[in-house]
Amino acid sequence: MLEDGQRECQIWLEAKDPDLNVARRYAISRSQDLFGVTIVEFSWGRIGTRGQRRKLSFADAGRATKFVEQLLRRRATSHQRIGVCYREVFRGP
């Protein structure tokens, strides 16, 4: 997900299918605070609602990256779970 030396990254995903009444969003943000702790914030919910949000901190940047990859692997199985694939809407620093 992150290249070497990259401290921040954002990924926005959406799953939409009007026939199945599915309109979901998922956002993942990875950043580093002033003390060198890596913060992973992720939010999810129906598009157009406030949804839910969690924020976790990791002393080890490698563990944070593995956690983000785990979240993305879970989103990759959405077709089996909800019948719609997530697609990447935005990826940036």
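Let's start with Glu88, which counts as partly exposed at 41% relative accessibility. For the cut-offs, buried is under 20% relative accessible area, exposed is over 50%, and partly exposed is in between, using a 1.4 Å probe and protein chains only. What you have on screen is a predicted model, where local features need pLDDT of at least 70, side-chain atom pairs count only at pLDDT 80 or more, and totals for chains, interfaces and linings use all residues. Residues are numbered from 1 along each chain as its sequence is written, and side-chain values use heavy atoms, leaving out hydrogens and water.

Back to Glu88. Its salt-bridge partner is Arg91, with the closest N and O atoms 3.0 Å apart. By salt bridge I mean a side-chain nitrogen of Lys or Arg within 4 Å of a carboxyl oxygen of Asp or Glu. Arg91 is partly exposed as well, with a relative accessible area of 41%. Elsewhere, Glu14, Lys16 and Arg87 are joined into one network by salt bridges that share partners.

How many salt bridges turn up in a search of the whole structure? Four. One of them brings together the side chains of Lys16 and Glu14, at 3.4 Å from N to O. Lys16 is partly exposed, with 49% relative accessible area, while Glu14 counts as buried at 19%.

Then there's Glu41 with Arg53, where the closest N and O atoms sit 2.7 Å apart. Glu41 belongs to strand E3 (residues 38-46) and Arg53 to strand E4 (residues 52-58), so this pair ties together parts that are twelve residues apart in sequence. When I say helix or strand, that's a DSSP run, at least four residues for a helix (H or I) and at least two for a strand (E), numbered from the N terminus. Arg53 itself is exposed, with a relative accessible area of 59%.

Okay, the sheet. What is the strand order? Reading across, we get E4-E3-E2-E1-E5, an open sheet of five strands with antiparallel pairing. The edges are E4 and strand E5 (87-92), each of which pairs on one side only. From one strand to the next, the twist averages 10 degrees. Two strands count as paired if DSSP finds at least two bridges between them. As general background, the strands of a sheet pair through backbone hydrogen bonds, either parallel or antiparallel.

Now pair by pair. E1 and E2 run antiparallel over nine bridges, and Lys16, our salt-bridge residue, stands opposite Ala23 in E2. These two strands make a hairpin with four residues between them, and Asn21 in the turn has a positive phi of about 60 degrees. E1 also joins E5, antiparallel again, through five bridges, with Gln10 opposite Gly92 in E5. Over on the other side, E3 and E4 pair antiparallel over seven bridges.

Let's stay on E3 and look at two residues. Thr38 lies in E3, and its bridge partner in E4 is Phe58. Is Thr38 buried or exposed? Buried, at 3% relative accessibility. Leaving aside neighbours within four places in sequence, Thr38 has contacts that include Arg30, Leu56, Ala61 and Ala64, where contact means heavy atoms within 4.5 Å.

The other one is Phe42, also in E3 and buried at 6% relative accessibility. With the same four-place exclusion, Phe42 is in contact with residues including Tyr26, Ile28, Arg53, Phe67 and Leu71. Phe42 and Tyr26 are 16 residues apart in sequence, yet 7.3 Å apart in space, C-alpha to C-alpha.

Next, the helix. H1 (residues 61-76) lies across E1, strand E2 (22-32), E3 and E4, running at about 170 degrees to E2. Those angles run from 0 to 180 degrees between N-to-C directions, and the axes are lines fitted to C-alpha atoms, for helices over the stretch in contact.

Last stop, the surface. Trp12 sits in strand E1 (residues 9-17) and is partly exposed at 41% relative accessibility. Together with Val89 and Phe90, Trp12 forms a nonpolar surface patch with about 260 Å² of accessible area. Patch residues need over 30% relative accessible area and no salt bridge, with like charges joined within 9 Å and nonpolar side chains (Val, Leu, Ile, Met, Phe, Trp, Tyr) within 5 Å. Accessible areas are Shrake-Rupley with a 1.4 Å probe, and for residues only the protein chains shown count as cover.
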